[in-house]
Amino acid sequence: MTVLVDEARWRWRGRLWAHLVSDGSLEELHAFAEGIGLRRVAFHGDHYDVDVEHRERAVAAGAQTVGSRELVRRLRRAGLRLSPAGRPAPWSAAHAGAWPLPAAVRTAIAPDLDAVLAALAAVDRPLAEAVVLQRTGEQAVLVRLAGPIDLLAPTGVRVTRDGADTVLELHTDHSPAAVGVA
């Protein structure tokens, strides 16, 4: 099994992007992605979109660089390639703003929020923002904390860095109730 990354040549939001895949398993891909600081919300069903910085981290961590066509060939050969119709829908923001989340948002995601709340209870740091993202079959709660924080995250919560800030991410694989708060 190998993690592969192609060249960063796709422009989006003023940056160049590449694709990170595994030719063996999605479990291997998710573990590798987490190890280089990628958020699960960057996963598109069969690949992660990675900016130039994360591409460099991937290569340094052992990802094999290949051309785009070779990447797709190996993904297909592994049986992991999804058609465009089979990929998850884009994320939509159900809530973006300050913490704590409004009651309607907490009610809609309450079964999975306990892990984030437990992580936040141990932090004495201002919260910059909270975002709840949803798409069919998935939801994610992202909480940005001002500055770097060393935090032992509870099971299911990823801790990543975004510039000088720390981001907690809780990702669940189920369809949440419609939040209806923006």
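**Reading the labels on this model**

Modeller: Arg 13 lies in the loop between β2 and β3, where the strands are DSSP runs of E of at least two residues, helices are runs of H or I of at least four, and both are numbered from the N terminus. This is a predicted model, in which local features need pLDDT of at least 70 and side-chain atom pairs count only at pLDDT 80 or more, while totals for chains, interfaces and linings use all residues. Residues are numbered from 1 along each chain as its sequence is written, and side-chain values use heavy atoms, with hydrogens and water left out.

Colleague: Why is Arg 13 called exposed?

Modeller: Its relative accessible area is 68%, and since exposed means over 50%, buried under 20% and partly exposed in between (1.4 Å probe, protein chains only), the label follows. Arg 13 also has a positive phi of about 55 degrees although it is not a glycine; most residues other than glycine have a negative phi.

Colleague: What makes Arg 57 and Glu 53 a salt bridge?

Modeller: A side-chain nitrogen of Lys or Arg must lie within 4 Å of a carboxyl oxygen of Asp or Glu, and here the N to O distance is 2.4 Å, so the pair qualifies. Both residues lie in helix α2, four residues apart, about one turn of the helix. Arg 57 at 33% and Glu 53 at 42% relative accessibility both count as partly exposed.

Colleague: Where do Glu 129 and Arg 144 lie, given that the pair links distant parts of the chain?

Modeller: The side chains of Glu 129 and Arg 144 meet in a salt bridge at 3.0 Å, N to O. Glu 129 is in strand β7 and Arg 144 in strand β8 (residues 138-145), 15 residues apart. Glu 129 is partly exposed at 31% relative accessibility, whereas Arg 144 at 19% is buried.

Colleague: How do you know that Asp 165 forms a salt bridge with Arg 144?

Modeller: The closest N and O atoms of Asp 165 and Arg 144 are 3.8 Å apart, so the cut-off is met. Asp 165 lies in strand β10 (residues 165-172) and Arg 144 in strand β8, so the pair ties together parts that are 21 residues apart in sequence. The structure holds twelve salt bridges, and Asp 23, Glu 70, Arg 73 and Arg 74 are linked in a network of them.

Colleague: Why is Ala 78 called partly exposed?

Modeller: The relative accessible area of Ala 78 is 29%, so it falls in the class between buried and exposed. Ala 78 lies in the loop between α3 and β6, and it touches Asp 23 and Gly 24, not counting residues up to four places away in sequence, where contact means heavy atoms within 4.5 Å.

Colleague: How many nonpolar, polar and charged residues does the lining of the largest pocket have?

Modeller: There are 14 nonpolar, six polar and ten charged residues in that lining, with Asp, Glu, Lys and Arg counted as charged, Ala, Val, Leu, Ile, Met, Phe, Trp, Tyr, Cys and Pro as nonpolar, and the others, Gly among them, as polar. A pocket is an open set of points on a 1 Å grid over the protein atoms alone where a 1.4 Å probe fits, with protein on both sides within 12 Å along at least five of seven lines, and lining residues have an atom within 4 Å of a point. Strand β3 supplies the largest share of the lining of the largest pocket, four residues.
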